[in-house]
Amino acid sequence: MMDYALLDALATVLRAGSFEKAARLLGLTPSAVSQRIKLLEERLGLVLVVRGQPCTATPAGQKLFCHVEEVALLENSLREEIGVSAIPAERPSIRIAVNADSLATWFVSAMAAVDDCLFDLVLDDQDHSAEWLRRGEVRAAVSGDSGAVQGCDSRPLGALRYIATASPAFARRWFSDGVTPEALAAAPCLTFNAKDMLQARWIGKVFGEAVATPTHWLPSSEAFVDATLAGVGWGMNPEALVKDLIAEGRLVPLVEDAPYDVPLYWHWSRSVQPAIRGITAAVMEASGAVLLLPET
């Protein structure tokens, strides 16, 4: 049997990112936390933590971290089944990969509906979030990938609709003769990060060709909308965030009736399925209030 006091110290260091923060959370001194990690590493004969700012896990440390999280979730589920009240201070954490636009439009509502666990979110593009699950680094993921993940189940959530939008002044300046591939090659656009392909895919869908666009890099869903309003560039914004702004005339679609829909899926590890049943229900309800209904 592994010593779960040592494993809890490991998980807390990796989640907090430092021995000092972990010590405050555990009510110990940093030296005591360091001794626990050292003892666990000596017993296993493995390096588990890469000391740095922040501290990170080695591959072995990551597997143990996930194991501790999984055990905590299962123990919490067991308490509920046998009628034992959970202690709020001992609520388990669950690590979930989610894309930024889901977080900005509907995922927070799902979090608010769950009070028996703590969320540890990893932000990544919807085309890449399932990779975290495949690597065993998260217990669940909101993903644009419909493919099966080994050891996991999934459900379609619906589609997040995007509208290519710009401020009226920006549209007048850059698209006075209409939105064309030539105009798009000159007008600055907004791109979330190097993984963000939405603008390119929308152009390909609407115009049937690839266009090299000058871009501002802006890794924030809310700042994306703000920058569009300010006329910094045009961008693909979730309809849920801009529909009122369009109705008010503060933003305009680049092309009328040309949305781009991104299907999303909820993937979760079967090993913790009973423990996250409430989270899955909350995710389905919150996404259903915002996303387009999945195709049947």
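**Buried serine, paired charges and backbone exceptions**

Mentor: Ser-143 has a relative accessible area of 0% and is therefore buried; please keep in mind throughout that the model is predicted.

Trainee: Before we turn to single residues, what mean pLDDT does the chain have?

Mentor: Confidence varies along the chain, from a mean of 84 in helix α4 (residues 59-82), where it is lowest, to 98 in strand β10 (residues 252-253), where it is highest. Of the residues, 97% score at least 70, and the chain as a whole averages a pLDDT of 92.

Trainee: What percentage of the residues of the chain count as buried?

Mentor: The chain is built from 12 helices and 11 strands, and its C-alpha atoms fill a box of roughly 70 × 40 × 35 Å along the principal axes. Among contacts with a separation of 6 or more, those between residues 24 or more positions apart make up 74%. Out of 296 residues, the share that counts as buried is 45%.

Trainee: Returning to Ser-143, which residue offers the backbone nitrogen that its side chain reaches?

Mentor: Ser-143 lies in strand β5 (residues 140-143), and beyond its neighbours up to four places away in sequence it touches several residues, including Ser-129, Pro-263 and His-267. Its side chain reaches the backbone oxygen of Gln-126 at 3.3 Å. The backbone nitrogen that the side chain of Ser-143 reaches, at 2.8 Å, belongs to Asp-145.

Trainee: Which residue forms a salt bridge with Asp-145?

Mentor: Asp-145 is partly exposed, since its relative accessible area is 22%, and in its salt bridge the closest N and O atoms are 2.8 Å apart. The pair links the loop between β5 and β6, which holds Asp-145, to helix α6 (residues 129-134), 11 residues apart. The partner, itself partly exposed at 36% relative accessibility, is Arg-134.

Trainee: In the salt bridge between Arg-135 and Glu-137, which residue is buried?

Mentor: The closest N and O atoms of this pair are 2.9 Å apart. Arg-135 counts as partly exposed, because its relative accessibility is 45%. With a relative accessible area of 18%, which falls under the 20% limit for burial, the buried member is Glu-137.

Trainee: How many residues apart in sequence are the parts that the pair of Arg-161 and Asp-261 ties together?

Mentor: Arg-161 and Asp-261 form a salt bridge whose closest N and O atoms are 2.7 Å apart. Arg-161 lies in strand β6 and Asp-261 in strand β11, so the parts that this pair ties together are separated in sequence by 100 residues.

Trainee: And how many salt bridges does the structure hold?

Mentor: Beyond the pairs just discussed, there is a network of salt bridges that links Arg-15, Glu-69, Glu-70, Arg-95, Asp-120 and Arg-139. For the structure, the number of salt bridges is 15.

Trainee: What is the distance of the polar contact that joins the side chains of Asp-153 and Arg-270?

Mentor: Asp-153 is found in strand β6 (residues 152-166) and is partly exposed, given a relative accessible area of 25%. Although Asp-153 and Arg-270 are 117 residues apart along the chain, their C-alpha atoms are separated by 6.4 Å. Arg-270 is among the residues that Asp-153 touches, as are Trp-266 and Gln-273, and the side-chain polar contact between Asp-153 and Arg-270 has a distance of 2.9 Å.

Trainee: Which peptide bond is cis?

Mentor: Most peptide bonds are trans, so a cis one deserves a careful look. Pro-54 is found in the loop between β1 (49-50) and β2 (56-57). The omega value is near 5 degrees, and the cis bond runs from Gln-53 to Pro-54.

Trainee: What is the phi of Asp-257 near?

Mentor: Most residues other than glycine have a negative phi. Asp-257 is found in the loop between β10 and β11 (260-269) and counts as exposed, because its relative accessibility is 77%. Its phi is positive, near 55 degrees.

Trainee: Finally, what is the area of the nonpolar surface patch that includes Met-1?

Mentor: Met-1 is found in the segment before α1 (4-16) and counts as exposed, since its relative accessibility is 100%. The patch is made by Met-1, Met-2, Tyr-4, Leu-44 and Leu-46, and its area is about 550 Å².

Methods: Residues are numbered from 1 along each chain as its sequence is written. This is a predicted model: local features need pLDDT of at least 70, side-chain atom pairs count only at pLDDT 80 or more; totals for chains, interfaces and linings use all residues. Side-chain values use heavy atoms; hydrogens and water are left out. Patches are made of residues with over 30% relative accessible area and no salt bridge: like charges are joined within 9 Å, nonpolar side chains (Val, Leu, Ile, Met, Phe, Trp, Tyr) within 5 Å. Accessible areas come from the Shrake-Rupley method with a 1.4 Å probe; for residues, only the protein chains shown count as cover. A salt bridge is a side-chain nitrogen of Lys or Arg within 4 Å of a carboxyl oxygen of Asp or Glu. Helices (H or I, at least four residues) and strands (E, at least two) are DSSP runs, numbered from the N terminus. Buried means under 20% relative accessible area, exposed over 50%, partly exposed in between (1.4 Å probe, protein chains only). pLDDT is the predictor's confidence in each residue, from 0 to 100. Contact means heavy atoms within 4.5 Å. A polar contact is a pair of N or O atoms within 3.5 Å; within protein, one must be able to donate a hydrogen and the other to accept it, and residues adjacent in sequence count only if both atoms are side-chain atoms.
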